[in-house]
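Thanks for making time, everyone. I've got one structure to walk you through today, so have a look at it while I talk.

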Amino acid sequence: MAKKFYVVWQGRETGIFTDWASCKKQVEQFSGAKYKSFPTQVEAEAAFAGKRGPSSTKKSTQTSISKNKSSSNSVKTYTATEISAMPIETKIFTDGACVPNPGKAGTGVAIYRNNVVDELWYGLYNSHGTNNTAELHGLNQALRIAKDEIKKGKSVAIFCDSKYSIQCITQWAAGWQKKGWVKNGGEIKNLELIKETFKCYQLVKDAVQVLHVNGHVGVEGNELADRMSMVAIDTQEFGFALYRGGLDIPALLALRAG
């Protein structure tokens, strides 16, 4: 059998692998995995250098392994080191806060381009919100931003510290939709927001990863998104506004945390 070379653009680790077993470890049950086999190392290196996954017309190499990702309840958590090493052009961090919970809620987003913070957004204040609604709003906004970045030809990943939000949109919503937006055992809380966010996700799911990061562990993008969610609460910003206070990171991190 002729040797193949496997390129992983999006997976637990990215790169070129010389056997299927190694490639499989990186993509099995990995949400948004993108990979493809090539007959020669030269072709694989050229494809990986482009940092782009196979187009929608060439996704037959994404086998049933990746199709099973929505059935898994596990969510991998990524460290700051892993995030920094990802060859992704646009990284979007999102967070929500609620003080108390339920209570005054707000949402924040930090956008990194080529690993440098470029924009901060805040808003969607709700005087009677919850932490979950604030987090879902953040993922909703991140998916909208991702759609625009993808149109510009950028590779995109979203980082969220709410496993609830990630699993609602990337794992559970598809099943709820098939059942007419009902679930066994009770109501689906935040249903209208989930529907809206899932609709956004469906438009970009083949081109964006939605990944989990722990909150308040020093991941800069997550910390900045958190501070923006508190700015939203403090300013009672009902819209979703671009932060105009400058990008002085130490000063921003010194703001009130959620």
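I'll start with the whole chain, then go through helix packing, the loops and a few single residues.

One thing up front: this is a predicted model, so please keep that in mind throughout.

Okay, the overall picture. The chain has 258 residues, and 46% of them are buried. For secondary structure, you're looking at 9 helices and 9 strands. On the outside, the chain exposes about 12,500 Å², with carbon and sulfur atoms supplying 51% of that. And if you take contacts with a separation of 6 or more, 70% of them are between residues 24 or more positions apart.

Now to the helices. A quick reminder on how we talk about these: two packed helices are described by the angle between their axes and the distance between the axes.

Find helix α5, residues 131-151. Its partner in the first pair I want to show is helix α6, residues 163-178. The two pack at an angle of about 55°, and their axes are 9 Å apart. That angle makes α5 oblique to α6. Who makes the contact here? On the α5 side we have Asn-132, Glu-135, Leu-136 and Leu-139, and on the α6 side Tyr-164, Ser-165, Ile-166 and Ile-169. As for handedness, α5 passes α6 in a right-handed crossing.

Now stay on α5 and look for helix α7, residues 191-204. Here the angle is about 25°, with the axes 9 Å apart. Roughly parallel is the label for that pair, because angles under 35 degrees get it. The crossing of α5 past α7 is left-handed. There's a long list of residues in this one, so I'll just pick some out. From α5, the residues meeting α7 include Thr-133, His-137, Asn-140, Leu-143, Arg-144 and Ile-150. From α7, they include Leu-193, Ile-194, Thr-197, Cys-200 and Tyr-201. Leu-136 of α5 is among those in contact with α6, and Leu-136 also turns up in the list of residues that meet α7. You can say the same kind of thing for Leu-139, which is in the α6 contact and in the α7 one.

One more stop on α5, at Gly-138. Is Gly-138 buried or exposed? Buried, because its relative accessibility is 0%. Setting aside residues up to four places away in sequence, Gly-138 touches Thr-94, Thr-107 and Val-109. Gly-138 also sits 9.1 Å from Ser-229, C-alpha to C-alpha, with their positions 91 residues apart in sequence.

On to the loops. Zoom in on the one between β4, which is 90-99, and β5, which is 103-113. Pro-100 is in that loop, and a cis peptide bond joins Val-99 to Pro-100, with omega about -15°. Pro-102 is in the loop between β4 and β5 too. There, a cis peptide bond links Asn-101 and Pro-102, and omega is about 0°.

Move along to the loop between β5 and β6, where you'll find Asn-114. Asn-114 isn't a glycine, but it has a positive phi of about 55°. With a relative accessibility of 60%, Asn-114 counts as exposed.

There's another positive phi at His-216, about 60°, and again that residue is not a glycine. His-216 is in the loop between β8, residues 208-212, and α8. At 45% relative accessibility, His-216 counts as partly exposed.

His-216 brings me to Asn-222, over in helix α8, residues 220-235. What does the side chain of Asn-222 reach? The backbone nitrogen of His-216, at 3.4 Å. Asn-222 is buried, with a relative accessible area of just 1%. Leaving aside neighbours within four places in sequence, the contacts of Asn-222 include Phe-93, Asp-95, Asp-161 and Val-213, along with His-216.

Last one: Gln-41, in helix α2, residues 41-49. Gln-41 is partly exposed, at 42% relative accessible area. The C-alpha atoms of Gln-41 and Lys-3 are separated by 9.6 Å, and the two residues are 38 apart along the chain.

That's my tour, happy to go back to any of it.

Conventions:
Residues numbered from 1 in each chain as written. Predicted model: local features only at pLDDT ≥ 70, side-chain atom pairs only at ≥ 80, totals over all residues. Heavy atoms only, no water. Helix = DSSP H or I, 4+ residues; strand = E, 2+ residues; numbered from the N terminus. Buried < 20%, exposed > 50% of the residue type's maximum accessible area, 1.4 Å probe, protein only. Polar contact = N/O pair within 3.5 Å; in protein donor to acceptor, adjacent residues only side chain to side chain. Contact = heavy atoms within 4.5 Å. Areas by Shrake-Rupley, 256 points an atom, 1.4 Å probe, with all protein chains shown as cover. Axes fitted to C-alpha atoms, helices over the stretch in contact; angles between N-to-C directions. Parallel < 35°, antiparallel > 145°, perpendicular 65-115°, else oblique. Left-handed = near helix turned anticlockwise from the far one by under 90°.
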